[in-house]
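These are my notebook entries on a structure that I went through entry by entry. I set down what I looked up and what I found.

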Amino acid sequence: ERDGRFPLGEKRLMDVKLGELGSWLGKRDFTPNGVLASIRNGHDRYYNKYINVKKGGIGGVAMLLVGYVALSYMWEYDHLSEYRLWEYDDLRVPTTYSIIHLKAL
Amino acid sequence: MGTLNSTLKFYMPVLTIVPTIKSACLPRLVQLSHLHTSPNSQAPVPALPEKGGKTRHGIIPEEIFQLLYPKTGVTGPYMLGAGLLTYILSKEIYIINHETFAAACMGTVIIYGVRKFGPDVAAFADKLNEEKVQKAQEVKDLAMTSLAQAVLDEKKEQWRAEGRQMLFDAKRNNVAMLLETNRRERVHMVTNEVKKRLDYQIALQTLHRRMEQEHMVNWVEKNVVTSITPQQEKTSIAKCITDLKVLAKVQQAKATVAI
């Protein structure tokens, strides 16, 4: 949420020191208006940096697509974890999935 | 790939909503959109930037590389990427399944397509944009010329309006002339009427005098004629005869002298 950065003189996230992180987070505006404003803010920054230019590159859209792919992977992780090939960081202990499908080969 | 503005039409409805909300809530933030947020702004809209934010290999923003350069040099982010990849694969945070192979095939095709056809599509999109800009420019130029022409016409009309004074003078002269003519006509009429009346009076007087004269003459003649008695008539006739005889004698005498 980056609402009210200029009028209130609040620092950006990169300028906040590690110790001040808690108080900085407390000062941020978490009202629905503030949330909406920050979403809009972020959208505008991304749009004007990568898309609203004369000669844009593939990066503008590609980053969005990669982000979408990553996000959908995260949402599907629970379902996908049934297809794991080994468990518990131990390559010697295979999962049921790998036993069944590798045995079938 | 070049500009994708023409293909990102789904952004346009959002963009139309954004300024209205923005002008209601946000203070004016300078580095944001190129639309005027307050109704009082007089400055011209700044031009679009030529190139967007740089990305390495299309998906990683250049800022990451710049961030890590002082500490790790040029290969830093790549090592970070390799390490992350190894971690993800070994801990099975990314699970290799049938979709991995599909993703790899699609990725290869996409990258090949982009590498091969990118510049052509970019040129085509740029050409489309050029045409749009040119059309807008034509409209603007046309508007400018028509407005300049309108300004000239207005100035001409103002110059014409100054000439109205001369028109008014001419009209005033006309009116004065009409009045003068009218006055003179009436004066003439008055003179004629007065003269006619005076002439009538004069004629009347001469008539009177003439009639009196004639009447008097007739009366005198009549009286004289009636006063001539017969006696007077005889004596006058005898005298006339004797006068005639004398005259004849004189004439004869003259005639014999002449011969």
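**Entry 1. A loop residue in chain B**

I began with B:Glu92, which is found in the loop between helix 3 (76–90) and helix 4 (98–162) of chain B. The model is predicted, and I read every value below as computed from it. I looked up the backbone angle of B:Glu92 and found a positive phi of about 55°, although B:Glu92 is not a glycine. I noted this because most residues other than glycine have a negative phi. Is B:Glu92 buried or exposed? Its relative accessibility is 3%, so B:Glu92 counts as buried; the cut-off for that class is under 20%.

**Entry 2. Chain A in outline**

I next looked up the elements of chain A and found six helices and two strands. From the N terminus on, they follow the order α-α-α-α-α-β-β-α. Chain A has 105 residues, of which 26% count as buried. Its accessible surface comes to about 7,400 Å², and 64% of that belongs to carbon and sulfur atoms. I also looked up contacts in chain A between residues at least 6 apart in sequence: 31% of these join residues at least 24 apart.

**Entry 3. Helix 3 of chain A**

I then checked the span of helix 3, residues 32–51, in chain A. How far apart are its end C-alpha atoms? They are 27 Å apart; at 1.5 Å a residue the 20 residues should span 28 Å, so the two values agree. I looked up which of its residues are buried, and the list includes A:Gly34, A:Ala37 and A:Ser38. Charged residues are also listed as buried in this helix, among them A:Arg40 and A:Asp44. Towards the end of the list I found A:Tyr47, A:Asn48, A:Tyr50 and A:Ile51.

**Entry 4. Helix 6 of chain A**

I located A:Tyr97 in helix 6 (residues 96–104) of chain A. Which residues does A:Tyr97 contact, leaving aside its neighbours within four places in sequence? They are A:Glu82, A:Tyr83, A:Arg84 and A:Leu85. For A:Tyr97 and A:Arg84 I noted a separation of 13 residues in sequence and 6.9 Å in space, C-alpha to C-alpha.

**Entry 5. A salt bridge from chain to chain**

A search of the whole structure gave me twelve salt bridges over all chains. One of the pairs I looked up is B:Glu63 with A:Lys49, whose closest N and O atoms are 2.7 Å apart. B:Glu63 lies in helix 2 (residues 62–72) of chain B and A:Lys49 in helix 3 of chain A, so this pair joins two chains. I looked up the accessibility of each partner. B:Glu63, at 40% relative accessibility, counts as partly exposed, and A:Lys49, at 32%, is partly exposed.

**Entry 6. Salt bridges within helix 5 of chain B**

I turned to B:Arg172, which forms a salt bridge with B:Asp169; their closest N and O atoms are 3.0 Å apart. Both lie in helix 5 of chain B, three residues apart, about one turn of the helix. B:Arg172 counts as exposed at 52% relative accessibility, since the cut-off for exposed is over 50%. B:Asp169 counts as partly exposed at 38%.

I then looked up B:Glu193 and B:Arg197, whose side chains meet in a salt bridge at 3.1 Å, N to O. These two residues also lie in helix 5 of chain B, four residues apart, about one turn of the helix. B:Glu193 is partly exposed with a relative accessible area of 33%, whereas B:Arg197 is exposed with 52%. I further noted a network of salt bridges that links B:Glu180, B:Arg183 and B:Arg184.

**Entry 7. A nonpolar patch on chain B**

Which residues form a nonpolar patch on the surface? I found B:Met216, B:Trp219, B:Val220, B:Val224 and B:Ile228, with about 490 Å² of accessible area together. I placed B:Val224 in helix 5 (residues 164–227) of chain B. At 43% relative accessibility, B:Val224 counts as partly exposed.

**Entry 8. Cysteines**

Last, I searched the whole structure for disulfides and found zero over all chains. I looked up two cysteines of chain B as well. B:Cys105 counts as partly exposed at 35% relative accessibility, and B:Cys240 counts as partly exposed at 47%.

Note on methods
Residues numbered from 1 in each chain as written. Chains lettered and ligands numbered in written order. Predicted model: local features only at pLDDT ≥ 70, side-chain atom pairs only at ≥ 80, totals over all residues. Heavy atoms only, no water. Disulfide = S-S within 2.5 Å. Buried < 20%, exposed > 50% of the residue type's maximum accessible area, 1.4 Å probe, protein only. Contact = heavy atoms within 4.5 Å. Areas by Shrake-Rupley, 256 points an atom, 1.4 Å probe, with all protein chains shown as cover. Expected span 1.5 Å × (residues − 1). Patch = residues over 30% accessible without salt bridge, like charges linked within 9 Å, V, L, I, M, F, W, Y side chains within 5 Å. Salt bridge = Lys/Arg side-chain N within 4 Å of Asp/Glu carboxyl O.
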